[in-house]
Amino acid sequence: MKEDRSEMAAKDVELDPRSAAISEPLSSSSSSPAAFNAVVSAGNKSRSCKSSLPVTQPPCPGHVLENVLENVLQFLTCRRDRNAVSLVCRSWYRVEAQTRFEVFIGNCYSLSPSRLTRRFKGVRSLLLKGKPRFADFNLMPPDWGAQFAPWVAATAMAYPWLEKVNLKRMFVTDDDLALLAESFPGFKELILRCCEGFGTSGIALFANKCRQLKVLDLIESEVTDDEVDWISCFPEGETHLESLSFECVESPINFKALEGLVLRSPFLKKLRTSRFVSLEELHRLMVQASQLTSLGTGSFSPNDVPQGEQEPDYASAFRASKSIVCLSGFRELTPEYLPAISPVCANLTSLNLSYANISPDILKPIIRNCHNIRVFWALDSICDEGLQAVAATCKELRELRVFPSDPLEDSESPVSALGLQAISEGCRKLESILYFCQRMTNGAVIAMSENCPQLTVFRLCIMGRYRPDHVTGKPMDDGFGAIVKNCKKLTRLAVSGLLTDEAFSIIGEHGKLIRTLSVAFAGDSDMALRYILEGCPKLQKLEIRDCPFGDVGLRSGMHRYHNMRFVWMSYCRLTRGGCRDIAHALPSVVAEVFGSDVDDDDDNADYVETLYMYRSLDGARKDAPKFVTIL
C-alpha cells in the first residue's frame with residue numbers, strides 16, 4: 001500500500017471540461033443587463049461633465065464591459081466561480097480565458113494538450129493529475145500511462161513564460177525534465193508528487209538549467225538512482241531556492257554539496273531531507289539555516305561518534321530555530337533523541353510522524369507541549385493511549401491521519417474505537433480525519449459526528465473484509481449514517497466495514513455536498529450503488545472496490561457520468577457488455593477495462609476486473625497499452 005503522506009498542494013484554478021468544450025458560448029451579450037447598464041450609465045455621466053478636451057467617439061459598450069470584467073476577474077481565484085463565469089456568454093468566455101494564468105486539470109486524459117493551448121494563451125502555472133488514487137494501493141498496472149511528454153511538448157511551444165508545474169501520479173522521464181528546463185528560462189517551481197519514470201540524472205540537469213528555481217519538491221515519487229551527484233549540479237553563487245524536498249530519493253547524497261547549497265540559499269524556508277542525512281548532518285544544516293520554517297529531519301539517527309569527540313547539542317540547534325512550525329521526516333528514528341525537538345514544540349502547527357514507529361510512552365512527553373498543532377500524522381504504533389494524549393493537548397487540531405504500521409488485513413491494529421472517541425471528545429475543531437484500524441464501533445463514529453460537526457473529510461478504513469461493530473456485531477450503518485447526517489459540510493467520505501444497503505440509502509439522502517466517495521467491501525446489492533448515484537448531486541469522484549455491484553447498479557448512473565470526473569470499479573460484478581452499453585450511450589465518456597476474469601466472446605459471461613470511466617473532450621486516448629481495452 002502506498003499512501004501520499006505529503007502536505008496538500010495549494011488550490012489552483014481548475015479547467016472545467018464543460019466550459020473548455022465550448023468554442024464560444026452562443027450569446028455575445030452579458031446575461032446580466034443590470035451590470036451592463038451600470039457600466040454604460042457610469043460612462044454617460046463622465047461624458048456629461050464639461051471639459052475643454054476634444055470630443056472623441058466613445059468606446060463600444062461591449063469593450064467597456066470586457067475591460068471592467070478583465071479587471072474584476074484578476075481577483076477571482078475560486079475555480080468553480082471562474083468556470084461559471086466562462087459559461088455566461090461569448091465575451092465573458094473570451095475575457096475569462098485571457099485572464100486565467102493558473103490551470104488545474106484533474107485528469108490528464110480529460111482533454112488534449114492542444115485544446116488547453118488553444119483556449120488559454122497566458123498560462124503561467126499548470127497543475128496536472130494522471131493516474132487515479134487507487135494506483136497508490138497497487139491496483140493499477142505501473143505502465144498504464146499518464147505520460148507527461150505530450151504536455152511538456154505542447155506547453156514548450158505555447159507558454160514560454162511558464163513558471164510553475166505541479167504533477168501528481170504522472171510518468172515523467174529525464175527527457176521531459178530536460179525539455180522543461182530548456183524551454184522556460186524563467187521557470188521557478190517544480191513539484192513531482194507520486195510520480196515515476198525519472199532519475200537523479202534528470203534532476204541534475206533540471207537543477208543546473210533552471211537558474212531562477214525557487215521550489216523543487218520531490219514527494220513520494222520513485223526516483224531512479226543513476227549514481228549522479230545531483231546536489232552539486234545547482235548553479236554556483238546565491239540561489240533563489242525557497243523550498244527543497246527530497247525525502248523520497250533513495251540514494252546517498254553529497255552532504256558537503258548540500259551544506260554549501262543551503263549556505264548560499266538565504267531565502268530557503270522549507271528543507272526536507274532523505275534518510276541518508278544523519279542527525280549530526282541535520283544539526284550542521286540547522287545551524288546554517290536558522291530561517292527555516294518547515295524541516296524534514298531525514299533519518300533522525302546519529303552516526304557513530306568517534307571516541308573522544310563530544311556529541312552535538314541537538315536541542316540547542318532546535319532552540320535556535322525559533323521559526324520552525326512544521327516538522328516531518330524522523331525516518332530510522334532513534335527514540336532517545338526525539339526529545340531534542342522539545343524547544344520548538346510550542347510553535348509547531350504541523351507534526352508528521354508517519355514514518356516513525358514510536359510508542360505512546362515516547363510520544364506523550366513530546367505531544368504534551370504541542371498546544372498549537374493543527375495537523376498531526378502518525379503511525380498506529382502510538383496506540384489508543386497516544387491518541388488520548390493528543391486529544392488532551394491538541395485542542396486546535398484540524399487534521400488527523402493515523403496510518404497502519406502493518407497494512408495486512410489480518411494484522412492486529414493497536415488503535416481502535418477508543419482512540420477515535422478520545423479524539424472526537426478532545427479535538428472539537430477537527431475538519432479532516434483519515435483513520436486505519438481493525439476494531440470500530442458505531443458508538444465511536446456517532447460520537448465523532450456529534451462532537452466534530454465541522455468535518456469536511458471523513459475517511460475511516462476498517463482493515464479486513466466486512467467487519468461489523470466490534471462490540472455489538474451489528475453493521476456499521478448507524479455510525480456512517482450519523483456522520484453524513486450530522487456533518488453538514490462533508491465533501492469527502494470513505495466507508496468500509498460491514499455496511500448494508502441501508503447505509504447507502506442514508507448517504508444518498510443526506511450527502512448533498514459529497515464530491516469524493518470511496519467504498520470498499522460494503523453493500524448488499526445494486527441498490528446501494530443506485531442510492532449513491534441518484535442521491536448525491538455533487539458527486540465527482542467515485543471509487544469502489546470489492547463490492548457486490550453489477551451492471552444494473554452501473555446503469556442507474558447513466559444520467560450522471562457525463563458530469564463526473566471519473567468512476568473506478570474493481571473486483572465487482574461488472575460485465576464487458578454492461579460497460580459497453582454505458583460507453584455507447586455516452587460519447588463524452590471514455591470507458592477503459594482491463595484484467596477480465598474470463599476471456600471469451602460472450603459479453604454476459606466476460607466479467608471485468610477493473611473499469612475506469614472518465615469524461616473526455618477529445619475522445620479515447622492514443623497511448624493505451626495492450627492490456628487496456630477502450631470500449
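# Tour stops around two parallel sheets

Begin with helix 11: its buried residues pack against helix 10 (255-263), strand 9 (270-273), strand 10 (294-297) and helix 12 (314-320). Helices and strands here are DSSP runs numbered from the N terminus, with H or I over at least four residues for a helix and E over at least two for a strand. Buried stands for under 20% relative accessible area, exposed for over 50%, and partly exposed for what lies in between, with a 1.4 Å probe and protein chains only. Contact stands for heavy atoms within 4.5 Å.

Before going on, note that this is a predicted model, in which local features need pLDDT of at least 70 and side-chain atom pairs count only at pLDDT 80 or more, while totals for chains, interfaces and linings use all residues. Residues are numbered from 1 along each chain as its sequence is written, and side-chain values use heavy atoms, with hydrogens and water left out.

**Whole chain**

Show the protein chain as a cartoon: it has 22 helices and 23 strands. Of its 631 residues, 56% are buried. Among contacts between residues at least 6 apart in sequence, 73% join residues at least 24 apart. The accessible surface, by the Shrake-Rupley method with a 1.4 Å probe and, for residues, only the protein chains shown as cover, is about 26,500 Å², and carbon and sulfur atoms account for 52% of this area.

Now colour by pLDDT, the predictor's confidence in each residue, from 0 to 100. The mean for the protein chain is 86, and 87% of the residues reach 70 or more. Residues 17-56 fall below 50, and this stretch has 46 contacts in the model beyond near neighbours in sequence. Residues 597-601 also stay under 50, with 8 contacts beyond four places in sequence.

**Helix 11 and strand 10**

Select residues 279-288, which form helix 11; 7 of these 10 residues are buried. The buried ones are Leu-279, Glu-280, Glu-281, Leu-282, His-283, Leu-285 and Met-286.

Add strands 9 and 10, which pair in parallel over 4 bridges; pairing requires that DSSP finds at least two bridges between the strands. Lys-270 is opposite Ser-294 of strand 10. Together with helix 11, the two strands make a right-handed β-α-β unit. Right-handed describes a path that runs clockwise from the first strand over the helix to the second, with the strands pointing away from the viewer.

Show the side of strand 10 that each residue faces. Ser-294 and Gly-296 point one way, Leu-295 and Thr-297 point the other way, and all are buried. In a regular strand the side chains alternate between the two faces of the sheet. Strand 10 is also joined in parallel to strand 11 (residues 326-328), by 3 bridges, with Gly-296 opposite Ser-328.

**Strand 18**

Move to residues 516-520, strand 18, where 5 of 5 residues are buried. Thr-516, Ser-518 and Ala-520 point one way, and Leu-517 and Val-519 the other way.

Strand 17 (residues 492-495) runs parallel to strand 18 and is joined to it by 4 bridges; Leu-493 is opposite Leu-517. Between these two strands the chain passes through helix 19 (residues 501-510), in a right-handed β-α-β crossover. Strand 19 (residues 541-545) is joined to strand 18 by 5 bridges, also in parallel, and Glu-543 of strand 19 is the bridge partner of Ser-518. Helix 20 (residues 526-535) completes a right-handed β-α-β unit with strands 18 and 19.

**Single residues**

Select Glu-399 in strand 14 (residues 399-403). Glu-399 counts as buried because its relative accessibility is 15%. Apart from neighbours within four places in sequence, Glu-399 is in contact with Arg-374, Val-375, Phe-376, Trp-377, Leu-430 and Ser-432.

Next, centre on Gly-130, in the loop between strand 2 (125-129) and helix 7 (149-158). Gly-130 is buried, at 3% relative accessibility. Its C-alpha is 5.6 Å from that of Asn-107, a residue 23 away in sequence. Not counting residues up to four places away in sequence, the residues that Gly-130 touches are Asn-107, Cys-108, Ala-146, Lys-168, Arg-169 and Met-170.

Finish with the cysteines. The structure holds 0 disulfides, a disulfide being a pair of cysteine sulfur atoms within 2.5 Å. Cys-427 is in none, and the nearest cysteine sulfur, that of Cys-394, is 6.2 Å away. Cys-427 is buried, with a relative accessible area of 0%. Cys-108 is buried as well, with a relative accessible area of 3%.
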